[in-house]
Amino acid sequence: MPATPSTLLHSRIETRDARVCVVGLGYVGLTLACAAARAGFGVVGIEANAGRLEQVRSGRFPFGNREPDLPDLLESHVSTGKLSVTDSYSVCATAHIIIIAVQTPVDEHTKRMIDAPLRSAASRLSRYLQRDALVILESTVEPGSTRDLLVPALEGGSGLSAAGDFLVAHCPERVMPGKLIANLASCSRVVGGWTEAAAGAAAAFYRTLTDGDIDITDCLTAEFVKTAENAYRDVQIAFANEVALLCEHLGANVYEVRELVNKSPMRAMHEPGGGVGGHCIPKDPWLLVGPSVGSVPIRVVSAAREVNDSMPRHVGELVRIGLLEHGRDVSGACVVLLGYSYLENSDDTRNSPSAAVAAWLRERGATVVIHDPVVADYGGDVYALAADADCLILMVRHDHYGSLEWASLAGRMRTPLVVDGRQVLAPAAASHAGLAYLSLGVGARCPRPAVALAAWGTASPWGGGEYGHTPGPSREKWSVKCP
Ligand code: SAJ
């Protein structure tokens, strides 16, 4: 039976003769390029950022030093020539598989996807697109983007049709910083095909990269799966954060509540914390709802974003209360913030909630010193930083903080106060160390007026009053000592 373009592509994938081009060498694209080279494909990466292009061209991994295996993989495949890089889209003229992994940021005001990077990539590669080539979109996008943006741009620039001249699929990334290459080799993937042939070819490609399930569907469903799976996580975290505020207000311990809730079947209450950082979770919920705002009454997803974005302010309020209870004001206080990355034992600081806490305190006149044992710019000796400090804020559960001598730290501080945003320190250990201790989600012996209201005194960006509340009680009430 004569070979068809589709069987030819499948054969090239099987023999690893398919030439792969990856557009965008960020966390997603660079990981994929290395994985494809490891699988035996010849890979060319296209990167517009000159500094990153130079780093990768010289085999240097550009994203910190906490990724196992990936830096060595990159260096080895660049040195053998299996992986090369360029800033020119002309290499797409000889590519059989082109993966787009460019950024899809969200506008901070409109909360809509900024589609310029994707539009530019699609338009530039379309000029070199060959018949029977497979274009795969890995970037996380608003549902409908493959239909409304990618296919029109590819067809317009190439004069070819996605219905039969070339293949288009959407396989949303599922990277996990800290375990990028291991995760890619094992995680299940959703492959949405513009056509059945496209889905089949893309699935054949990803089967060479991962042992995980390959779930075939259409492009729109794949766009929904990715944005919904992260919006789901964000909503779950927001629920945990609201339960934390309720526990604080009425004098319970949210961590005990969570542990016992999760003993109930079919429950998986997430962890509360001082905020939600990283590249995916703060952004993807807005991508999910973006195209439907104004047409569908979206409430849960947007409210969850607002709850999670308010948590750094809440940590700031706890610091303010703790200082007030020691007769100090935020203004003029010296605060040491422990943990700057968005995740424990990671050096990734994207959308760091700690940055928001530091800004909130600095705006109110505090001096804030940041420490992080994993993030290169914030090393240092915690004991030295604690000298004469008025508050230690625990924001990230780095292993390093588990071995601190809290009594020694208390003895060095001007005001021995700890505010715990991530249950790093047990209340009993704090008390034993002679520290005054406030923990997010752990109520005082006596109920305090709802701290949350003070943090949420601003109007909701989504219209209407702030959960129907007026701003919280005046600060004077905090001078009352618990009985
Ligand atoms: N967080 C909480 N409470 C929780 C879980 C997380 O406050 O119960 C906070 C974290 O402290 C962090 C932020 O949320 O600041 C994001 O944490 P994350 O564990 O979701 O880590 P990410 O951002 O690396 O999420 C990625 C996502 N993967 C992809 O988008 C492909 C996410 O879907 C995964 O669930 C997550 O990794 C994972 O499971 O590791």
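In this tour, Ala, Val, Leu, Ile, Met, Phe, Trp, Tyr, Cys and Pro count as nonpolar, Asp, Glu, Lys and Arg as charged, and the others, Gly among them, as polar. Keep in mind as you click along that this is a predicted model.

**Stop 1: the cavity**

Start with the empty space inside. The structure holds 1 cavity of 30 Å³ or more, and the volume of the largest cavity is about 50 Å³. To see its walls, select Val28, Leu32, Glu138, Glu173, Arg174, Val175, Leu180, Asn183, Leu184 and Arg189. Colour them by type and you will find 5 nonpolar, 1 polar and 4 charged residues in this lining. Now show the helices as ribbons: H2 and helix H7 (180-184) each give at least two residues to the lining. The largest share, 3 residues, is from H7.

**Stop 2: the largest nonpolar core**

Next, select helix H2 (residues 27-38), which supplies 9 residues, the largest share, to the largest nonpolar core. That core has 50 residues, and the ones touching the most other members are Ile97, Ile136 and Phe205.

Centre the view on Ile97. Which residues is Ile97 in contact with, leaving aside its neighbours within four places in sequence? Show Leu9, Ile13, Ala18, Arg19, Val20, Cys21, Leu134, Ile136 and Phe205 as sticks and you have them. Two of these partners, Ile136 and Phe205, were named a moment ago alongside Ile97 for their contacts within the core.

**Stop 3: strand S11 and its partners**

Move on to strand S11 (residues 391-394) and turn on the side chains. Cys391 and Ile393 point one way, Leu392 and Leu394 point the other way, and all are buried.

Now bring in the strands that pair with S11. With S9, the pairing is parallel and runs over 4 bridges; look for Val335 standing opposite Cys391. With strand S12 (residues 417-420), S11 again pairs in the parallel sense, over 3 bridges. Here, pick out Ile393, which has Val419 of S12 opposite.

**Stop 4: Ser352**

From strand S9 (334-338), follow the chain into the loop that leads to helix H13 (353-363), and stop at Ser352. Is Ser352 buried or exposed? Its relative accessible area is 8%, under the 20% cut-off, so Ser352 counts as buried. To finish, display Tyr340 and Tyr342: Ser352 touches both, not counting residues up to four places away in sequence.

Note on methods:
Residues numbered from 1 in each chain as written. Predicted model: local features only at pLDDT ≥ 70, side-chain atom pairs only at ≥ 80, totals over all residues. Heavy atoms only, no water. Core = buried A, V, L, I, M, F, W, Y, C linked by side-chain atoms within 4.5 Å. Buried < 20%, exposed > 50% of the residue type's maximum accessible area, 1.4 Å probe, protein only. Contact = heavy atoms within 4.5 Å. 1 Å grid on protein atoms, 1.4 Å probe; cavity = no way out; pocket = protein on both sides within 12 Å on 5 of 7 lines; lining within 4 Å. Points joined across faces, edges and corners; volume = space filled by probe spheres on them. Pairing = 2+ DSSP bridges.
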